[in-house]
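Colleague: Before I rely on the terms used for this structure, I should like each of them set against its definition. Could we take them in turn?

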Protein chains: 2
Amino acid sequence: MGKSKTLLFTTAQNDLADLAKALAHPARIAIIQYLANSQSCINVTLVTELGLAQATISQHLRELKELGLVRGSIEGASVNYCLDLTRWREVQQHFQSFFEQISESNTNGLCCN
Amino acid sequence: MGKSKTLLFTTAQNDLADLAKALAHPARIAIIQYLANSQSCINVTLVTELGLAQATISQHLRELKELGLVRGSIEGASVNYCLDLTRWREVQQHFQSFFEQISESNTNGLCCN
DNA sequence: ATAGTAAATCGCAATATCACGATGATATGA
DNA sequence: TCATATCATCGTGATATTGCGATTTACTAT
């Protein structure tokens with residue numbers, strides 16, 4: 001990407017951007033939704049569910065794990081993945097305060113009609 | 001990227017991913033916040049505010065405009081940008097229902113301890 | 001007209017992302 | 001032990017993103 005100039009921005013801005021990046025791919029959205037809906041924490045049934053290669057799913061899971069959104073625990077030969085709900089509440093909070101900042105915007109139709 | 005396989009996913013999943021992508025860069029977060037906080041709709045004062053080149057800002061603004069998050073109206077030689085608050089309420093709704101889906105998750109600590 | 005300012009666009013270089021086959025590590029069951 | 005199954009990681013090709021200088025377009029003021 002030609003080096004995103006993270007130094008120009010605040011930590012909060014970079015953090016939110018990183019979280020958004022994690023959600024910036026339909027496969028990751030789908031993985032998260034699948035984990036949210038499945039009773040048991042699911043491993044790579046995701047491969048057959050989503051129609052992507054095992055290596056690809058694994059890579060997406062790693063990104064989600066790196067941000068703490070998903071955890072995995074070894075269960076014999078396989079790995080059980082699940083959402084870290086505590087972390088997700090945090091994340092939701094981040095987004096929420098961002099959105100609030102916008103809705104409290106004083107751009108009251110004063111411009112751009 | 002090697003062609004993201006959008007066809008495998010639902011429209012809702014792709015849409016949310018696209019919105020997230022728009023927020024997946026600190027410069028765009030900063031632009032949005034600046035627009036939210038400024039009284040008048042601001043043009044590329046953003047260049048001096050953010051410390052990025054004019055071409056770069058213009059490109060980020062275009063991405064935001066393409067998703068309808070930001071509008072610009074020509075004002076003589078310059079352009080006034082502002083947030084489309086109606087659109088933003090929509091966007092917030094998208095994210096909110098995604099987060100609700102997660103918090104209603106039945107992953108009640110049954111796994112991954 | 002001419003010069004100056006504001007912004008969009010083009011084209012490039014650097015880097016990041018996505019998808020996947022292949023390989024390797026580990027664990028299970030015969 | 002040996003075959004099989006589940007994952008993670010590496011390496012690679014294809015594509016996308018960032019950032020910017022240079023150019024172009026449009027308007028303003030002199």
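The exchange below takes up the fold, the interface, selected residues, the salt bridges and the core.

Modeller: This is a predicted model, in which local features need pLDDT of at least 70, side-chain atom pairs count only at pLDDT 80 or more, and totals for chains, interfaces and linings use all residues. Residues are numbered from 1 along each chain as its sequence is written, chains are lettered from A and ligands numbered from 1 in the order in which they are written, and side-chain values use heavy atoms, with hydrogens and water left out.

Colleague: What makes up chain A, and in which pattern along the sequence?

Modeller: Chain A has five helices and two strands, arranged along the sequence as α-α-α-α-β-β-α. Helices (H or I, at least four residues) and strands (E, at least two) are DSSP runs, numbered from the N terminus. Of its 113 residues, 45% count as buried; buried means under 20% relative accessible area, exposed over 50%, and partly exposed in between (1.4 Å probe, protein chains only).

Colleague: What is the area buried between chain B and chain A, and how much of it do carbon and sulfur atoms give?

Modeller: The buried area is about 4700 Å², with 67% from carbon and sulfur atoms. The term stands for the accessible area (1.4 Å probe) that two parts lose on being put together, summed over both. Chain B contributes 50 residues to the contact and chain A contributes 50 residues, where contact means heavy atoms within 4.5 Å.

Colleague: Which element gives the most to the side of chain B that touches chain A, and how is that side made up by class?

Modeller: H5(B) gives the most, with ten residues. By class, this side of chain B has 29 nonpolar, 18 polar and three charged residues. Here Ala, Val, Leu, Ile, Met, Phe, Trp, Tyr, Cys and Pro count as nonpolar, Asp, Glu, Lys and Arg as charged, and the others, Gly among them, as polar.

Colleague: How many residue pairs are in polar contact between the two chains?

Modeller: There are four such pairs, both residues being at pLDDT 80 or more. A polar contact is a pair of N or O atoms within 3.5 Å; within protein, one must be able to donate a hydrogen and the other to accept it, and residues adjacent in sequence count only if both atoms are side-chain atoms.

Colleague: What makes the pairing of Gln13(B) and Gln33(A) a polar contact?

Modeller: The side chains of Gln13(B) and Gln33(A) make a polar contact at 2.7 Å, which is within 3.5 Å. Gln13(B) belongs to helix H1 (residues 11-22) of chain B, and beyond four places in sequence it is in contact with Pro26(A), Ile29(A), Ala30(A) and Gln33(A).

Colleague: Why is Gln13(B) called buried?

Modeller: Its relative accessibility is 11%, so Gln13(B) counts as buried.

Colleague: Is Ala24(B) buried or exposed?

Modeller: Ala24(B) is also at 11% relative accessibility and therefore counts as buried. Ala24(B) sits in the loop between H1 and H2 of chain B. Not counting residues up to four places away in sequence, Ala24(B) touches Ala17(A), Ala20(A), Lys21(A) and Ala24(A).

Colleague: Why are Glu63(A) and Arg28(A) said to form a salt bridge?

Modeller: A salt bridge is a side-chain nitrogen of Lys or Arg within 4 Å of a carboxyl oxygen of Asp or Glu. The N to O distance for Glu63(A) and Arg28(A) is 3.3 Å, so the pair satisfies the rule. Glu63(A) lies in helix H4 (residues 54-66) and Arg28(A) in helix H2 (residues 26-37) of chain A, so the pair ties together parts that are 35 residues apart in sequence. Glu63(A) is partly exposed at 32%, whereas Arg28(A) is buried at 6%.

Colleague: How far apart are the closest N and O atoms of Asp84(A) and Arg71(A)?

Modeller: They are 3.9 Å apart, and the two residues form a salt bridge. Asp84(A) counts as buried at 16%, and Arg71(A) as partly exposed at 33%.

Colleague: Where do Arg87(A) and Glu90(A) lie?

Modeller: Both lie in helix H5 of chain A, three residues apart, about one turn of the helix. Their side chains meet in a salt bridge at 2.8 Å, N to O.

Colleague: How many salt bridges does the rule find across the interface of chain B and chain A?

Modeller: The rule finds zero there, while the count over all chains is six.

Colleague: Which residues touch the most other members of the largest nonpolar core?

Modeller: Of its 67 residues, these are Trp88(A), Phe95(A), Trp88(B) and Phe95(B). A nonpolar core is a set of buried Ala, Val, Leu, Ile, Met, Phe, Trp, Tyr and Cys residues joined through side-chain atoms within 4.5 Å. Beyond four places in sequence, the contacts of Phe95(B) include Leu23(A), Phe95(A) and Phe99(A), as well as Leu16(B) and Leu19(B).
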